[in-house]
Amino acid sequence: MNLRSLLITLAIVVAGLCHSTSAQNVAVKTNLLSDATLSPNLGIEVGLAPKWTFDLSGQLNAWKIKEHRWKHWLVQPEARYWFCRRFSGHFVGVHALGGQYNVGGLTHARDILGLPLSHLKNRRYQGWFVGGGVAYGYTWILSRHWSFEAEIGVGYAYTRYDIYPCAKCGTKIAEDRPRHYVGPTKAALNIVFNF
């Protein structure tokens with residue numbers, strides 16, 4: 001499935017969820033942490049039951065800046081259980097994640113959380129990933145329609161990727177490499193608009 005087909009499918013699913021719910025049960029959001037990395041994102045959350053919601057978030061970064069390449073897309077569905085009432089206070093969630101990436105030529109990359117990101121200075125990695133995890137978050141109500149949400153999640157991700165010797169090179173130096181990752185799988189500081 002190519003990116004265009006995936007985005008069309010995602011739009012149809014979101015439209016179906018919105019059509020079948022009442023206005024007080026829907027929120028749209030953007031993650032300020034993703035915005036800070038120039039990765040436009042959008043999320044929609046739909047009420048399912050008095051203490052349950054379904055959140056579907058995604059992001060897309062489809063450009064390169066000078067010789068740096070940081071292209072990716074990510075979809076992250078999550079089922080949430082709210083301790084008091086939905087869209088307010090403490091919640092826990094179970095999420096999945098999946099996407100593709102093409103990253104390289106990042107001169108200031110450093111190794112973090114066991115990931116050899118410093119290799120991104122001189123190499124380019126292109127591949128896909130899937131995974132899942134659990135999360136905890138809290139939502140502060142700011143006004144009738146606005147709220148602020150913080151969330152952190154941990155879990156597992158599996159990726160397969162090809163390695164290229166530089167950000168612009170087309171010759172592979174390694175193909176179809178696997179990697180298992182355990183650690184943070186979600187971090188969000190969301191501005192939320194509630195309908």
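Strands β1 and β9 run antiparallel and are joined by 5 bridges, where two strands are said to pair if DSSP finds at least two bridges between them. The structure is a predicted model, in which local features need pLDDT of at least 70, side-chain atom pairs count only at pLDDT 80 or more, and totals for chains, interfaces and linings use all residues. Residues are numbered from 1 along each chain as its sequence is written, and side-chain values use heavy atoms, with hydrogens and water left out.

**Overall make-up**

- The chain has 2 helices and 9 strands, these being DSSP runs numbered from the N terminus, with helices (H or I) of at least four residues and strands (E) of at least two.
- Along the sequence these elements follow the pattern α-β-α-β-β-β-β-β-β-β-β.
- The chain has 195 residues, of which 39% count as buried; buried means under 20% relative accessible area, exposed means over 50%, and partly exposed lies in between, with a 1.4 Å probe and protein chains only.
- About 10900 Å² of the chain is exposed, and carbon and sulfur atoms supply 66% of that area, as given by the Shrake-Rupley method with a 1.4 Å probe.
- Among contacts in the chain with a separation of 6 or more, 60% are between residues 24 or more positions apart, a contact being heavy atoms within 4.5 Å.

**Strand pairing around β1 and β2**

- In the pairing of β1 with β9, V28 stands opposite F193 of β9.
- Strand β1 also pairs with strand β2 (residues 41-49), in the antiparallel sense and over 4 bridges.
- Two bridge partners in β2 can be named here, since A27 is matched with E45 and K29 is matched with G43.
- Strand β2 in turn pairs with strand β3 (residues 52-61), again in the antiparallel sense, over 8 bridges.
- These two strands, β2 and β3, form a hairpin with 2 residues between them, and the bridge partner of N41 in β3 is Q59.

**Two buried asparagines**

- N25 is placed in the loop between α1 (3-19) and β1 (26-31), and it counts as buried because its relative accessibility is 15%.
- The side chain of N25 makes a polar contact with the side chain of R86 at 2.3 Å; a polar contact is a pair of N or O atoms within 3.5 Å, where within protein one must be able to donate a hydrogen and the other to accept it, and residues adjacent in sequence count only if both atoms are side-chain atoms.
- Leaving aside residues up to four places away in sequence, N25 touches E45, V46, G47, R86 and F87.
- N31 lies in strand β1 and is buried, because its relative accessible area is 9%.
- The side chain of N31 reaches the backbone oxygen of A187 at 3.0 Å, and N31 touches N41, A187, A188, L189 and N190 when residues up to four places away in sequence are not counted.

**Positive phi values**

- Most residues other than glycine have a negative phi.
- F87, which is not a glycine, has a positive phi near 70°; F87 is found in the loop between β5 (68-82) and β6 (89-104), and it counts as buried because its relative accessibility is 13%.
- D176, also not a glycine, has a positive phi of about 55°; D176 lies in strand β9 (residues 174-194) and is partly exposed, because its relative accessible area is 41%.

**The cavity**

- Rolling a probe the size of a water molecule over the atoms shows where empty space is left.
- A search of the whole structure finds 1 cavity of 30 Å³ or more, a cavity being a set of points, on a 1 Å grid over the protein atoms alone, where a 1.4 Å probe fits but cannot get out.
- The largest cavity holds about 30 Å³ of space, the volume being the space filled by probe spheres set on grid points that are joined across faces, edges and corners.
- Its lining is made up of A27, K29, E45, W82, F87, T139, S147, E149, V192 and N194, where lining residues have an atom within 4 Å of a point.
- At least two residues of the lining of the largest cavity come from each of β1, β8 (146-164) and β9.

Notes. On a 1 Å grid over the protein atoms alone, a cavity is a set of points where a 1.4 Å probe fits but cannot get out, and a pocket is an open set with protein on both sides within 12 Å along at least five of seven lines; lining residues have an atom within 4 Å of a point.
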